Each structure stands twice: as C-alpha cells, then as structure tokens.
Amino acid sequence: IYNSNWINGNDNPITNTLSIDSPIGKGIGLGVSVINYRVKPFDVFLMEANFSYTINISEEDELSFGLKVGGKMFDMDWMGEPEYSQEFLIHQKEEKRLLPTIGAGLYIRRKHGFIGLSFPNLFYNTTYDLTNQVLATKRVQAFFIGGVIFELNDDIKFYPTFFTRSLIDKLLTTDLAFNFTF
C-alpha cells in the first residue's frame with residue numbers, strides 16, 4: 001500500500017506498507033511486515049516478523065500463540081524545517097535510534113465464541129511528540145478481545161463482542177459491538 005497526502009505540497013507525508021502472512025504448515029503461520037513512513041522531520045522504517053502456532057484443545061476448540069519480533073529505525077532531522085523557530089532548532093539535533101519490538105499474544109477460538117489477549121510491544125520506547133515538542137514514552141499496550149455467538153434461530157445469529165485496549169498502568173478503553181447475521 002502506498003499513501004501520499006497533500007499531493008501538491010513539498011515534503012508531504014508518505015506511507016509505504018507491505019504485509020504478508022500465511023499458514024505454512026499444520027498449525028504454523030509466518031508473516032512479515034515492512035512499513036516506511038515519512039512525516040517531516042521524521043523518517044521511520046519498521047520491519048517485523050510474525051510467528052503463530054495453533055493447537056487443538058478439543059474437537060472444536062483451538063488455542064493459538066503468537067510472537068512478533070522486529071525493530072523500528074527512527075530518524076529525526078530538524079534541519080531545514082522552516083515552521084520551527086531558530087531558537088527551537090538550536091537545541092535540536094539529528095537523532096537516529098533503533099527501537100526493538102517484541103510482542104506476544106494468545107487466542108482461544110471455540111465453536112460459539114472467542115477470547116484473546118495481546119501485547120504488540122513489550123518494550124517502553126522513547127520517541128518525539130511533535131505536537132508538544134517533547135520526548136514521549138511509548139508505554140506497553142495490552143489488547144483484550146472476546147465475543148460469543150448466539151443462534152437465535154436457524155436464520156439469525158447474534159454476535160456481541162468487546163475490544164479493550166489499555167496502556168499498562170494508565171488508560172483503559174472498551175468498544176462494544178452488537179452484530180446480527182441473517
């Protein structure tokens with residue numbers, strides 16, 4: 001996927017994304033994601049490899065484990081940024097940093113429902129918050145999902161689900177969805 005904003009502008013934000021995931025054997029999946037995005041003064045290159053393993057825990061139920069390993073190359077170059085004052089730019093420097101990524105997840109799928117927990121990155125990383133012009137810590141996030149399937153009759157199924165995201169020791173939000181199929 002390629003995305004470019006503000007087509008007629010100079011130094012417009014650009015994002016390039018390539019992601020491939022596939023089963024490769026009985027219960028095993030592999031994948032790779034490569035993302036490059038540029039929003040001046042940042043240039044970020046991300047590469048991650050994904051591994052999953054699924055086992056049957058009963059005739060109809062599965063337990064899946066996932067692991068993600070990779071890194072993000074973070075390049076910040078303030079020179080040539082006219083929208084910032086010279087006083088601000090004097091205290092800035094070019095900065096290159098490698099931010100490691102290790103994530104893990106667990107997912108249980110049953111005939112009439114599912115539940116899962118994942119941590120996309122188990123590391124705290126420091127990046128730059130352009131809006132507030134300060135260094136910001138990327139906290140560990142946790143995602144918790146679940147849902148059930150109710151067969152109301154032969155033709156109608158009801159799917160209530162939830163999606164909870166949390167910054168460890170901080171914010172907690174939950175989305176609820178109520179879907180029907182006919």
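**View 1. Leu 106 of strand β6 sits in a nonpolar surface patch.** The model shown here and in the other views is predicted. Strand β6 covers residues 95–110. Leu 106 has a relative accessibility of 39%. That value lies between the 20% limit for buried and the 50% limit for exposed, so Leu 106 counts as partly exposed. The patch around Leu 106 also holds Ile 24, Leu 30, Phe 51, Tyr 53, Phe 65, Leu 67, Val 69, Ile 102, Leu 122 and Phe 123. Together the patch residues have about 920 Å² of accessible area. At least two of them come from each of β4, β5 and β6. Which strand gives the most to the nonpolar patch? Strand β5 does, with three residues.

**View 2. The whole chain is built from one helix and 13 strands.** Starting at the N terminus, the order of elements is β-β-β-β-β-α-β-β-β-β-β-β-β-β. Five strands thus precede the helix, and the remaining strands follow. The chain has 182 residues, and 24% of them count as buried.

**View 3. Strands β3 and β4 form a hairpin.** Strand β3 spans residues 28–39, and strand β4 spans residues 42–56. The two strands run antiparallel, held in register by 12 bridges. How many residues lie between β3 and β4? The hairpin has two residues there. To find the pairing by eye, start at Tyr 37, which stands opposite Val 44 of β4.

**View 4. Strand β4 makes another hairpin with β5.** Strand β5 covers residues 62–76. Its pairing with β4 is again antiparallel and runs over 15 bridges. Five residues separate the two strands of this hairpin. Thr 54 and Ser 64, the latter in β5, are bridge partners. In a regular strand, side chains point to one face of the sheet and then the other in turn.

**View 5. Five residues make up the largest nonpolar core.** The members are Phe 42, Val 44, Phe 74, Met 76 and Leu 99. Which elements give two or more residues to this core? They are β4 and β5. Val 44 also appears in View 3, as the residue opposite Tyr 37. In soluble globular proteins, nonpolar side chains tend to be buried together.

**View 6. Arg 110 and Asp 61 form one of four salt bridges in the structure.** Their closest N and O atoms are 3.2 Å apart. Arg 110 belongs to strand β6, whereas Asp 61 lies in the loop between β4 and β5. The partners are 49 residues apart, so this contact links distant parts of the chain. Is Asp 61 buried or exposed? Asp 61 is buried, because its relative accessible area of 11% is under the 20% limit.

**View 7. Arg 109 and Glu 62 form another salt bridge.** Here the closest N and O atoms lie 3.1 Å apart. This pair connects strand β6, which holds Arg 109, to strand β5, which holds Glu 62. The separation along the chain is 47 residues. Both partners are partly exposed: Arg 109 at 36% relative accessibility, and Glu 62 at 24%.

**View 8. Asp 175 and Arg 165 join strands β13 and β12.** The closest N and O atoms of this salt bridge are 3.0 Å apart. Asp 175 is in β13 (residues 172–181) and Arg 165 is in β12, so the bridge ties together parts 10 residues apart in sequence. Asp 175 is partly exposed at 37% relative accessibility. Arg 165 is partly exposed too, at 29%.

**View 9. Phe 144 and Phe 162 form a tilted aromatic pair.** The structure has seven aromatic pairs in total. In this one, the ring centres are 5.2 Å apart, and the planes meet at 55°. Phe 144 lies in strand β10 (residues 141–148) and Phe 162 in strand β12 (residues 157–167). The pair links distant parts of the chain, with the two positions 18 residues apart in numbering. Phe 144 is partly exposed at 34%, and Phe 162 is partly exposed at 24%.

**View 10. Five Phe rings form a cluster.** Ring pairs link Phe 150, Phe 158, Phe 178, Phe 180 and Phe 182.

Conventions:
Residues are numbered from 1 along each chain as its sequence is written. This is a predicted model: local features need pLDDT of at least 70, side-chain atom pairs count only at pLDDT 80 or more; totals for chains, interfaces and linings use all residues. Side-chain values use heavy atoms; hydrogens and water are left out. Two strands pair if DSSP finds at least two bridges between them. Helices (H or I, at least four residues) and strands (E, at least two) are DSSP runs, numbered from the N terminus. A nonpolar core is a set of buried Ala, Val, Leu, Ile, Met, Phe, Trp, Tyr and Cys residues joined through side-chain atoms within 4.5 Å. Buried means under 20% relative accessible area, exposed over 50%, partly exposed in between (1.4 Å probe, protein chains only). Rings of Phe, Tyr and Trp (its six-membered ring) pair if their centres lie within 6.5 Å; planes under 30 degrees apart count as stacked, over 60 as edge-to-face and the rest as tilted. A salt bridge is a side-chain nitrogen of Lys or Arg within 4 Å of a carboxyl oxygen of Asp or Glu. Patches are made of residues with over 30% relative accessible area and no salt bridge: like charges are joined within 9 Å, nonpolar side chains (Val, Leu, Ile, Met, Phe, Trp, Tyr) within 5 Å. Accessible areas come from the Shrake-Rupley method with a 1.4 Å probe; for residues, only the protein chains shown count as cover.
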